[in-house]
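Trainee: Could you show me the structure and go through the terms used for it?

Mentor: Here it is.

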Amino acid sequence: MIAIMSDDLFPLFDGGFFRTLARDECLFLTGAPVRSMFLVTEGQVDLLRHTQSGLRILLYRAEAGDVLAEASAYSDAYHCDGTAACLAQVQSIPLPTFRARLDGRPDWAKAWAARLAHGLQGSRLNAAIRSMRTVEERLEAWLAGGKALPPKGQWSTLAETLGITREALYRALSKRDAAG
């Protein structure tokens, strides 16, 4: 997904309420009714799903400038959890206000549609990567998608994104280093 939202959409959140989230604090839970739209203004907020066996699946990590859980603008309930990955701040506006502002400004609606289209492209790439059989194939495809290897301290997040274990990622990176 696109890391930075178009500045053209920032005014959608004018007058919104700011909330600070501690690391691991939930902003919303799967199944909760959608009442607000959120803009991440500081830090990072993860969109997570949990399987019946307890596996945590990172769907997306929203950063400053990202609208959080964009699809919720057209849903009655959240389809994932929104949890702070670190100390974070969000700005929120009521869902009806968000929709009314889009309806009243064709330029904002166009920018919003472009944002959603870019997000869909990113989701399709991530799905294709996760369907690959080997760790090496997943890593190669992710890097070929124009991504840079994150700093060493963030490799566990990359492993989650690729749908692999940290250890498998470390082995693949070690093989890449050895191969030059």
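The questions below take up the sheets, a helix, the cysteines and the aromatic rings in turn.

Mentor: This is a predicted model, in which local features need pLDDT of at least 70 and side-chain atom pairs pLDDT 80 or more, while totals for chains, interfaces and linings use all residues. Residues are numbered from 1 along each chain as its sequence is written, and side-chain values use heavy atoms, with hydrogens and water left out.

Trainee: What makes S4 and S5 a pair of strands?

Mentor: Strands are DSSP runs of E with at least two residues, helices are runs of H or I with at least four, and both are numbered from the N terminus. Two strands pair if DSSP finds at least two bridges between them. Seven bridges join S4, residues 44-50, to S5, and the two run antiparallel, so the requirement of at least two is met. Within this pairing, Asp46 stands opposite Arg61 of S5.

Trainee: Which strands are called edge strands in the sheet that holds S2 and S5?

Mentor: That open sheet has four strands in the order S2-S7-S4-S5, with antiparallel pairing. Strand S2 (26-28) and strand S5 (56-63) are its edges, as each pairs on one side only. From one strand to the next the twist averages 30 degrees; such angles are taken between N-to-C directions, on a scale from 0 to 180 degrees, with axes fitted as lines to C-alpha atoms (for helices, over the stretch in contact).

Trainee: How do you know that S3 pairs with S6?

Mentor: Two bridges join S3, residues 36-42, to S6, and the strands run antiparallel. Leu39 has Val67 in S6 as its bridge partner. The pair belongs to an open sheet of four strands ordered S1-S8-S3-S6, with antiparallel pairing. Its edge strands are S1 (17-21) and S6. Helix H1 (residues 95-104) lies across S3 and S8 (88-94), at about 70 degrees to S8.

Trainee: Why is Ala64 called partly exposed?

Mentor: Buried means under 20% relative accessible area, exposed means over 50%, and partly exposed is in between (1.4 Å probe, protein chains only). Ala64 has 33%, so the residue is partly exposed. Ala64 lies in the loop between S5 and strand S6 (67-68). Its C-alpha is 7.7 Å from that of Leu39, with the two positions 25 residues apart in sequence.

Trainee: Why are the buried residues of H3 said to be on the same side?

Mentor: In H3 (residues 135-144) the buried residues are Val135, Arg138, Leu139, Ala141 and Trp142. They cover an arc of only 165 degrees around the axis, and therefore lie on the same side of H3. The arc is that of the directions from the helix axis to the C-beta atoms. Among the elements covering these residues are H2 (106-130), H4 (155-162) and H5 (166-179), where contact means heavy atoms within 4.5 Å. Just after H3, Gly146 has a positive phi of about 90 degrees.

Trainee: Why is Cys26 not in a disulfide with Cys80?

Mentor: A disulfide is a pair of cysteine sulfur atoms within 2.5 Å. Cys80 holds the closest cysteine sulfur to that of Cys26, at 11 Å, which is too far for a bond. For Cys86 the closest cysteine sulfur is in Cys26, at 14 Å, again too far. By this rule the count is zero disulfides. Cys26 is partly exposed at 33%, and Cys86 is partly exposed at 25%.

Trainee: What makes Phe13 and Phe98 an aromatic pair, and why is the pair called tilted?

Mentor: Rings of Phe, Tyr and Trp (its six-membered ring) pair if their centres lie within 6.5 Å; planes under 30 degrees apart count as stacked, over 60 as edge-to-face and the rest as tilted. Phe13 and Phe98 are 5.9 Å centre to centre with 50 degrees between the planes, so they pair and are tilted. Phe13 lies in the segment before S1 and Phe98 in H1, so the pair ties together parts 85 residues apart in sequence. Phe13 is buried, at 0%, and Phe98 is buried at 0% too.

Trainee: How do you classify the pair of Trp155 and Tyr170?

Mentor: The pair is tilted, at 6.0 Å centre to centre and 45 degrees between the planes. Trp155 is in H4 and Tyr170 in H5, 15 residues apart. Trp155 is buried at 17%, whereas Tyr170 is partly exposed at 38%. The structure holds five aromatic pairs, and ring pairs link Phe13, Phe98 and Trp112 into a cluster.
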